[in-house]
Amino acid sequence: MPDRTHHHPRRAARRLAGMVALTLLLLAGCGGTVDPDPAPSPAPGATVDAAAAAPGSVRPVLAASHPDRLRIPAIDVDAGGLIDLGLQADRTMEVPADGTTVGWYTQSPSPGERGPAVLAAHVDWNHEKGVFFDLHRLEPGDDVIVDRADGSSATFEVQRVAQYPKDRFPAQEVYGDVPGAELRLITCGGDLDREARSYRDNIVVYAALVSSA
């Protein structure tokens, strides 16, 4: 992977080490007790990119700060108390312990820093909707707002929504280095593998920072 984060070598190294663990997590499933009904798929056209920034334009980049709250007005998500997600003993990523909590993978940048910040949550839990149940409904241009511990709010714009089979998850595309501040929202989707008790796919929302306040 080309190194485009020479200003943050330790964080880049952590991301490189974490990509394998994240991929293993996604292949293994999202955890928890899944609903017997299939998880919804992205809406038609949801994989179309939003309007790209003008050539040569510079996206804003913020200093590091812990994410405290996630707001996604288009799907009525307002989740406070974001938790830290690290690595378990088997080197797979931790997942939230319930369906209403959003977690930030701490081996990724904090939302607003340069690079792809990663937030994860369940699509459902114990036969009830999880906080990311409607993630597939997001469309290019929708806002995703992350309130940070330093008092700032970072607003990201959805660029695209994609669905990937877990056995063909594109780790480099999702977690690889990017020149600006971006966000990845990840949950499960697709059909239910009843034997494995997990969904066969992952839903990934790609978003880019457009403003801060």
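**View 1. Strand 5 and strand 10 lie side by side as a parallel pair.** Strand 5 covers residues 115-120, strand 10 covers residues 181-193, and 6 bridges join them. Two strands count as paired if DSSP finds at least two bridges between them. For one such link, look at A120, whose bridge partner in strand 10 is I186. This is a predicted model: local features need pLDDT of at least 70, side-chain atom pairs count only at pLDDT 80 or more, and totals for chains, interfaces and linings use all residues. Residues are numbered from 1 along each chain as its sequence is written, and side-chain values use heavy atoms, leaving out hydrogens and water.

**View 2. Here is the open sheet of 9 strands, with mixed pairing.** Follow the strands across in the order 2-1-8-9-11-10-5-4-3. At the edges stand strand 2 (77-80) and strand 3 (83-85); each has a single partner strand, so one side of each lacks a neighbour in the sheet. From one strand to the next, the twist averages 30°, an angle between the N-to-C directions of lines fitted to C-alpha atoms, on a scale from 0 to 180 degrees.

**View 3. Step back to meet the protein's 2 helices and 11 strands.** Both kinds of element are DSSP runs numbered from the N terminus: helices (H or I) have at least four residues and strands (E) at least two. Along the sequence, the pattern reads α-β-β-β-β-β-β-β-β-β-α-β-β. Of the 213 residues, 51% are buried, meaning under 20% relative accessible area with a 1.4 Å probe, protein chains only.

Key. Buried < 20%, exposed > 50% of the residue type's maximum accessible area, 1.4 Å probe, protein only.
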